[in-house]
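Good morning, and thank you for coming. Please look at the sequence and the structure as they appear on the screen.

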Amino acid sequence: MIKIPKRLYGEIVKHAENGAPYEVCGLIGGKIVCGGKVVTDIYPIENSDRSREHFSIDVKAQLDAVRNMREKGIEPLGNFHSHPASPPIPSAEDIRLAYDDGASYMIVSLAKNKPVLKSFRIKGEKAVEEAIVTEE
Ligand SMILES: [Zn+2]
């Protein structure tokens, strides 16, 4: 399970909408409390690929974000990216490129009228959805 404040949920959606029709991406940081993740910060990052179907998280932006997390005393929890025109399901490439089976891979889809955010753990070839809880 991963908890995320409504405000940050909204920021992820806004970042995705602003970047459309290209995919956008970013990192998520927070705390692990009793085995559950609590997102406290998100780090929107531009898609250095400027593509509708791929994303690459800029390496420098990624390092800056992780440094900021250390300073704040929070942990990297995973990343997010958008699917401007496809469902919120990891693509074959998303699965192939996932390297950390402890991380949460969030995908926000803009394919329908209302944006949908989902989160996955990816181990080997298998993506398993994890529940997202939004709170105030
Ligand atoms: Zn994807």
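**Contacts, cores and the zinc site**

Let us begin with F80, which touches I12, H15, V24, C25, G26, L27, I28, I42, Y43, P44 and M106, leaving aside residues up to four places away in sequence; contact here means heavy atoms within 4.5 Å. The model is predicted, so local features need pLDDT of at least 70 and side-chain atom pairs count only at pLDDT 80 or more, while totals for chains, interfaces and linings use all residues. Residues are numbered from 1 along each chain as its sequence is written, and side-chain values use heavy atoms, with hydrogens and water left out.

F80 is also among the residues with the most contacts inside the largest nonpolar core, which has 16 residues. Such a core is a set of buried Ala, Val, Leu, Ile, Met, Phe, Trp, Tyr and Cys residues joined through side-chain atoms within 4.5 Å, and buried means under 20% relative accessible area with a 1.4 Å probe, protein chains only. The largest share of this core, four residues, comes from α1. Another core, of nine residues, lies apart from it and includes L27, I45, F55 and A65.

Which residues supply the protein donors of the zinc ion? They are H81 (NE2), H83 (NE2) and D94, the last entered twice through OD, at 2.0 to 2.7 Å from the ion. Donors are N, O and S atoms within 2.8 Å of the metal (3.2 Å for Na, K and Ca); water is not among the atoms, so sites may look incomplete. Along the chain, the donors follow the spacing H-x1-H-x10-D. H83 is buried, at 4% relative accessible area, and D94 is buried too, at 11%.

Key
Buried means under 20% relative accessible area, exposed over 50%, partly exposed in between (1.4 Å probe, protein chains only). Helices (H or I, at least four residues) and strands (E, at least two) are DSSP runs, numbered from the N terminus.
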